[in-house]
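Biologist: Could you take a close look at one part of this model for me, and walk me through how it is put together? A strand and its neighbours would be a good place to start, and then you can move on to the rings.

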Amino acid sequence: MPSRTGRIHRIAGPLVVATDIPSPMMYEVVYVGEEGLIGEVISVRGEKAYIQVYEETTGLTVGERVEATGELLSAELGPGLISTIYDGLQRPEVEIARAVNDIFIKRGVRVNSLNRSTKWVFAADQRVRVGDKVEPGDVIGLVQETPIVTHKIMVPPGVSGTLKWRAGDGEYRVDDVVAVVETGDRKYEVKLYHRWPVRIPRPYKEKLPPSEPLITGIRVIDLMFPIAKGGKAAVPGGFGTGKTVLLQSLAKWSYADIAIFVGCGERGNEMADALKSFLELHDVRRNRPMMERSIFIANTSNMPVAARETSVLLGVTLAEYFRDMGYDVLLVADSTSRWAEAMREISGRMEEMPGEEGFPAYLASRLAEFYERAGRVVALGRPERRGSVTIFGAVSPPGGDFSEPVVRNTLRYVQALYALDYDLATRRHFPAVNWLMSYSLYVDYVKEYLDERSAGRWHETRNVFVKILQREAELLDIVRLVGPEALPEEDKLTLEVARMIREGFLQQYAYDPNDAFSPLEKGFLIMEAIRRFHEVALSLIRSNVPLFKIRELKSPYMVYKLKLYAPHEVEKVYNDYVQTLEVEVKKLTGG
Amino acid sequence: MPLYVRETRQITGAKGSLVFVKSLPKVAYGELVEIDVEGETRLGQVVDISQEITVVQVFGSSLGITPGRTVVRLRGETLKIPVSTDMLGRIFNGLGKPIDGGPEILPEDYLDIHGDPLNPALRMPPSEFIETGISVIDGMLTLVRGQKLPIFSGSGLPHNKIAMQIVRQASVKGSGESFAVVFGAVGVTFEEAMYFINELKGMGAIDRTVAFLAPASAPPVEKLALPRVALTTAEYLAWRQDMHVLAILTDMTNYCESLKEISAAREEVPGRRGYPGYMYTDLATMYERAGRVEGKKGSVTIMPILTMPDDDITHPIPDLTGYITEGQIVLSRDLWRKGIYPPVDVFLSLSRMMKEGIGPGKTREDHHQVFSQLMSAYAEGQRLREIIAIVGVESLSEKDKKYLEFADEFELKFINQGETERRSIEETLDLAWDLLAILPEEELKIRDEYVKKYHPKYRVSR
């Protein structure tokens, strides 16, 4: 292919306009200037190609060359992704540090996304044999990438034919050929890795209904507003509402096979903190460091603005790739608002007609394209695999105001909302998920799954809790006017039980070793303890026992402390509580 | 020295601090420009280039710029400042020129004021407790090395005093390590500037301090450069000279106003309330320069101070700052009126790095639980205050009255503290237990072993 080059015509921050590129293609990658800064054509108007540059443009001059590649911005997919920290252009940041020998990120650095010298142990998957017809997605071999992740080497999308040759078991580098697929007279060499454009969703066979919950270990999510595998959720919250802590907890504890954390335009120190804890903390199910199933994309707020978009797209592309292997992948994007702001900045520089609050009119469709890449699917190829991509997108609304464009447009595409509330955060109720504003459309989908595991109790108890909390909000308005003592006894009890739900059940300490991860069984027990107290207290009040007598009981305090016990101790404490409650009630009723 | 000098008189227009010049060959984006006006040289920077026109932002006023007469010269380099350890004890303007009457410094290096982003993979999570000796900060909003923690204040509130108390008390600890303060004052009044300089001199900390002052009357672009110049110096001292640097930047509201002014002059599409849409990124590129890095002994801790217009925390300036910084210390006018110093509103305040900096070996094992308990008890007291405002104190239970008492005492004894009073972390936590003892013991949601160890009822006198 003849080289296609043009010249820089204009430079305005991250936007560069080039002329004289022969037939520029939308979204093709270009190298800008003598240093070869990476950019992408985002608009073509007549002779001019508008390029969003993913690196700092200071020092570029008009007239420098721009080299078009004819390729789309693509991710390298293969062994070596796990445990790596990438920037928005999939450059491993540790490699950047090595290349520039400095503590700072310098521009123009080219390093491979996947290490070319690491050797991986490849084992052929004998379910597919040489001579077989193969289709995209067929697993031809396995690489044990980390002790808990088996990387499946698949026939890449778009490749099918006869498996002509396959390498023997042994050690290979990512760009060694491990198989040859022949179609007619064309041969395709399958390596341990392949490339895939980040803007194009990876193909799958079929989408499945979101009927299985993704267990996150966070009670307010799992048991109040559950998220399904393959679901999409938004987590909006003003600063200080605990957004990052919640998202990190999700990435740490959820029962996902792979967790991908995209730090997009956020704080470097928090990223460092997350990295450290992922190295130190162990996965609950397999007792291995969490890093062995995680990938980080760290494009902090001081790194080039345009690369925020690529970091989000890179994240979801990696997620889809592992989904195709049959894994449940969790993608956390913190924060989509910073991505939206980057779109706004670029759009402003292109002098496009601004929409609301200066955001471009295509904000909504970009968000839709991103969230629609979530889902639970049957992957292409043999053996049959089911995998999922679950997306949690943080939104950082200015002033904590949920009526702003990014929150509003996001809510059109997500199925679950975890609204983080300033008031709750100032009262130190964490996770500060507002139970009145939040919702999950997955409740009905996962009802069967959760009821099966809670002796049919979950759905009913959850609805009782929702009602009590709703009633509490109404009663608190009245209390503000007339004081708590003016309420009838039953309403006072509602307030008491609501407090128990809030403090004993919904509140969860992200840093308490016993409370950070709450297994389903523990959550069910706490729910049951509260429900039991409610029923018992209600019947006492109806037989004219005054509430202050009930308040003097010791057993309700045990409910508050249940969450502080390790999962294996909870059942015993719960049984103690049930007995104590029984004894105390007998005393009260003079039994 | 630049290799070749390129200059032009072809100015096609001027507006505010922007000058439009016919493009010279090889003009570089972000390059520094000299403008000769009637024998005086002003600096400027290239902010937009097209084939025909180059837009230059002047660091100073555009007063006197005349198309055809004024000479615009390209320097062939970006804005760099000379740095050296000789800067300690000296006072500079927003562009790094000495203004204390002393000689120019002998530079050890020239550094670009915009710096480069720290490699996220090399960052170490901040976890070293900085004892400020102020109970409400050490106990409730623990500051750690490498953190960026702003003070959100209002006009007339004692933020400057608090900043100076922190500088005075925090600098004493860790005598073996070198500690430096970089102090940047953007758009402050003459009186404020004098206060800071006298305070620093008075506490004998001036030799450990590099001060940068851009008075209120300085041109907007100097105000924009000042925090970057200050932070470039901070980075130099931290990463090259192994110092623990505390950078205090005040008043960042003035900085943001200058940013808005210049954005408006460039006719950019405004974001919220007239502030440019990139203000988040702009502030982030400065505050993110705080941190700890693998393989380096030093650290950069940043404490920006800003005054919230109308005391409104949802105003874009505090709002965007809060999204970048690791928490915020919010001052309350109500507490200040009650005579509480430092008037810190603990409900609105937060230190995100706190959990890393507290606990056994750092502060004390009970710190986390004591903190949570203080928070929830004070919140309960606050809630009850709202109720008694309407229905009176009589309708409350005995337990509720205890919470009210706790809230009052907490403000008077814990938050309130002398301007020169220094409390160790042990004193702070013991004080907290004394106050928690007001509440019925079964209300405490603290591990029994800590209650038995630290509650005044069980505590053996130490």
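Modeller: Happy to, and one definition helps before we start: strands are DSSP runs of at least two residues, numbered from the N terminus, and two of them pair if DSSP finds at least two bridges between them. Keep in mind that this is a predicted model.

Let's zoom in on strand E6 of chain B, residues 53-59. E6(B) is mostly covered, with 6 of its 7 residues buried. One of its partners is strand E5 of chain B, residues 40-50, which runs antiparallel to E6(B) and is joined to it by 6 bridges. The link between E5(B) and E6(B) is a hairpin, made through 2 residues. If you want a spot to click on, try B:Gly44, whose bridge partner in E6(B) is B:Val58.

E6(B) also pairs with strand E3 of chain B, residues 18-22, again in the antiparallel sense, over 5 bridges. There, B:Val56 of E6(B) stands opposite B:Val19.

Now for the rings. Over all chains, the structure holds 23 aromatic pairs. Take A:Trp253 and A:Phe517: their ring centres are 6.1 Å apart and the planes meet at 45°, so the pair falls between the stacked and edge-to-face limits of 30 and 60 degrees and counts as tilted. This pair ties together distant parts of the chain, 264 residues apart. A:Trp253 belongs to helix H3 (residues 243-253) of chain A, while A:Phe517 is in the loop between helices H12 (489-506) and H13 (520-542). A:Trp253 counts as buried because its relative accessible area is 13%, and the cut-off is 20%. A:Phe517 is buried too, at 7% relative accessibility.

A:Phe392 and A:Tyr418 make a stacked pair, 5.8 Å centre to centre with 25° between the planes. These two are 26 residues apart: A:Phe392 is in strand E24 (residues 386-395) of chain A, and A:Tyr418 is in the loop between strand E25 (416-417) and helix H9 (422-426). Both A:Phe392 and A:Tyr418 are buried.

Back in chain B, there is an aromatic cluster formed by B:Phe347, B:Tyr378, B:Phe406, B:Phe410 and B:Phe414.

Some rings have a charge for company. B:Lys260 lies over the face of B:Tyr275, 4.4 Å from the ring centre. In chain A, the charged end of A:Arg202 sits over the ring of A:Trp196, at 5.3 Å from its centre.

Definitions and conventions:
Residues numbered from 1 in each chain as written. Chains lettered and ligands numbered in written order. Predicted model: local features only at pLDDT ≥ 70, side-chain atom pairs only at ≥ 80, totals over all residues. Heavy atoms only, no water. Buried < 20%, exposed > 50% of the residue type's maximum accessible area, 1.4 Å probe, protein only. Helix = DSSP H or I, 4+ residues; strand = E, 2+ residues; numbered from the N terminus. Phe/Tyr/Trp six-rings, centres within 6.5 Å; stacked < 30°, edge-to-face > 60°. Lys NZ or Arg CZ within 6 Å of the ring centre and 35° of its normal.
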